[in-house]
Amino acid sequence: MELNLLSGLLLLALLCLALLPFAIPGVLEVLLALAIGAFVSAALIWFGWLPQDTSLVLLSLAMLTALSAVLLWKPLRKLQKTGVRLQEDSAISDFVGTELLLTEQANKDSDSHIQFCGLEWRVRLDPADMATRVEAGQSVLISSATVGCLLVKSKTA
């Protein structure tokens, strides 16, 4: 299969789009502009509006890349500044309210462990719970979840 200029531009555009999720911050805009420039250049060649002369195609690619970078700069900056950040509040978790059966005794001042969702978690009794410890084999409710640690409350509290 012969790789002509049109196929090369399409491959370049697809490669740029495939690399976007792995781009370093700041490089994203450049790759996006290059991909848009390559797609537009390929479309111009496809419709016959741009001759397949290498120097003209490269000039067109450079100009379209610069134009798309200039046009996209402000909207992308605005999008980055107003982006919603993920909340890292441990009380807002999918695990909160889930019932567990303890395999070890849980205390307020020391960690025990439990297998949950395929991982081994540290379990500690919630300081707001009335009980000071919960024995193994009893059911508890998850009240908070942080990385690797679950705070639980006795089910009777």
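This is a short talk on the sheet and the salt bridges of one predicted model.

Let's start with the sheet. It is open and has five strands. The order is β1-β6-β7-β4-β3, and the pairing is mixed. As a reminder, strands of a sheet pair through backbone hydrogen bonds, either parallel or antiparallel. Which strands sit at the edges? They are β1, residues 99-101, and β3, residues 112-116. Each of these two pairs on one side only. From one strand to the next, the twist averages 50°.

Now look at one pair in that sheet. Strand β6 covers residues 139-146, and strand β7 covers residues 149-154. They run antiparallel to each other, with six bridges between them. If you want a point to fix the register, take V140: its bridge partner in β7 is S154.

On to the charges. How many salt bridges does the structure hold? Four. I will go through three by residue, then come to a network.

First, E99 with K155. The closest N and O atoms are 3.0 Å apart. E99 belongs to edge strand β1, while K155 lies in the segment after β7. That is a link between distant parts of the chain, 56 residues apart. Are these side chains buried or exposed? Neither extreme. E99 has a relative accessible area of 42%, so it counts as partly exposed. K155 is partly exposed as well, at 44%.

Next, R122 with D111. Here the closest N and O atoms are 3.1 Å apart. R122 is in strand β4, residues 119-125. D111 is in the loop between β2, residues 106-107, and β3. This pair also links distant parts of the chain, with the two positions 11 residues apart in numbering. R122 has a relative accessible area of 35%, which makes it partly exposed. D111 comes in at 29%, again partly exposed.

Then E135 with R133. The closest N and O atoms are 3.1 Å apart. Relative accessibility is 33% for E135, so that residue is partly exposed. For R133 the value is 48%, and R133 is partly exposed too.

Last, the network. Which residues do shared salt-bridge partners join? D111, R122 and R124, all in one network. So we meet D111 and R122 again here, the pair with N and O atoms 3.1 Å apart.

To recap: an open five-stranded sheet with mixed pairing, edges at β1 and β3, and four salt bridges. One of them ties E99 in β1 to K155 after β7. That's it from me.

How values were computed
Residues numbered from 1 in each chain as written. Predicted model: local features only at pLDDT ≥ 70, side-chain atom pairs only at ≥ 80, totals over all residues. Heavy atoms only, no water. Pairing = 2+ DSSP bridges. Helix = DSSP H or I, 4+ residues; strand = E, 2+ residues; numbered from the N terminus. Axes fitted to C-alpha atoms, helices over the stretch in contact; angles between N-to-C directions. Salt bridge = Lys/Arg side-chain N within 4 Å of Asp/Glu carboxyl O. Buried < 20%, exposed > 50% of the residue type's maximum accessible area, 1.4 Å probe, protein only.
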